[in-house]
Amino acid sequence: MSRRCVVTGAAGGIGLAIAEALVERGDRVLLADLDEQRLAEAGERLGQPWIAGDVAAEPGIAALIETADAEFGGIDLYVANAGVFRGFGLAADEFDWSLSWDVNVMAHVRAARALVPRWSVENPGVFAVTASAAGLLTQLGSPTYAVTKRAAVGFAEWLAATYGDRGVQVAALCPMGVATPMAEAGETVSDPQGRLAHASVTAAGETLTPQEAARVLLEAIDEGRLLALPHESVGTMYARKAQDTDHWVTGMQRFRSALGD
């Protein structure tokens, strides 16, 4: 049966790959992003509706849901994929922190406020978020990303624990490096902590395609799993971190030093 889906941050990268995979499955997808030109191109190519706007803010979320209702008559799957990667070291300013918190965390909270009350055991729904391996481990060089992605995972866990047996399935995508425009932007970063942040992602493991990340997320949803880990090593590192956090921190210090910081 065709699902009624919404994907934010869908003009490119992982969001677009998720939208493409859903359409290939026969689902209907409403694409959302701030980049109207690229979004329109993606929507027209996929033959799906789209809406440009700020999906971190309540008015933008309300407009997004209203459009999905008008187009599809409801929402079965919401993928909160939009995110930002900015703010490096302790020099990260108030704007970096505020924007990161708003897009990487509160966008999920605000969307869930509007959607979760609609869903029930009789009328179930799926709430998926694109977090990061940084949400399970950490992110060298960027405290804003490390903290807000940890919060994104934490919110997903809370949502699953609170509503998972009430018709709300939750999934959190937590990849390491993925070849996206956000990752490619790291090549132009001049800040030393910014270079460290991007170098640590590249050095930590294989850089996957957005399509590979999308496939793992949809597999996790199909199998009813909370965590979608495109890089299997993340699960191992997460377990080791929990088992001996001090040893893990020491290892991260060595990793940081090896990268030249």
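A residue counts as buried when its relative accessible area is under 20%. In this predicted model, C5 has a relative accessible area of 0% and is therefore buried. C174 is likewise buried, with a relative accessible area of 0%. A search of the whole structure finds 0 disulfides.

## The sheet

The strands form an open sheet of 7 members with parallel pairing, in the order β3-β2-β1-β4-β5-β6-β7. Strands β3 (50-52) and β7 (227-228) stand at the edges; each has a single partner strand, so one side of each is left without a neighbour in the sheet.

Strand β5 (residues 125-130) pairs with strand β6 (residues 168-173) in the parallel sense, over 6 bridges. Together with α5, these two strands make a right-handed β-α-β unit. Strand β6 also pairs with β7, again in the parallel sense, over 2 bridges. Of the 6 residues in β6, 5 are buried, and the strand is thus described as mostly covered. The table lists residues of β6 with the residues that face them in the adjoining strands.

| Residue in β6 | Residue opposite or bridge partner |
|---|---|
| Q169 | V126 |
| A171 | A128 |
| A172 | L227 in β7 |

## Helices against the sheet

Helix α2 (residues 36-46) lies across β2 (28-33) and β3, and runs at about 175 degrees to β3. Helix α3 (residues 58-72) also packs on the sheet, where it touches β1 (4-8), β2, β3 and β4 (77-80). The direction of α3 makes about 155 degrees with that of β2.

## Nonpolar cores

In soluble globular proteins, nonpolar side chains tend to be buried together. Here, the largest nonpolar core holds 43 residues, and L64, I75, Y78 and F127 touch the most other members. Two or more residues are given to this core by each of β2, α3, β4, α4 (94-115), β5, α5 (143-163), β6 and α10 (245-258). The largest share, 6 residues, comes from α4.

Which residues does L64 touch, leaving aside those up to four places away in sequence? They are V6, T8, L30, A32, I51, V55 and Y78. A second, separate core comprises 30 residues, among them A17, V29, A42 and L217.

In summary, the model contains an open sheet of 7 strands with parallel pairing, with helix α3 among the elements packed on the sheet, and a largest nonpolar core of 43 residues.

Notes:
Residues numbered from 1 in each chain as written. Predicted model: local features only at pLDDT ≥ 70, side-chain atom pairs only at ≥ 80, totals over all residues. Heavy atoms only, no water. Pairing = 2+ DSSP bridges. Helix = DSSP H or I, 4+ residues; strand = E, 2+ residues; numbered from the N terminus. Contact = heavy atoms within 4.5 Å. Axes fitted to C-alpha atoms, helices over the stretch in contact; angles between N-to-C directions. Disulfide = S-S within 2.5 Å. Buried < 20%, exposed > 50% of the residue type's maximum accessible area, 1.4 Å probe, protein only. Core = buried A, V, L, I, M, F, W, Y, C linked by side-chain atoms within 4.5 Å. Right-handed = clockwise from strand over helix to strand, strands pointing away.
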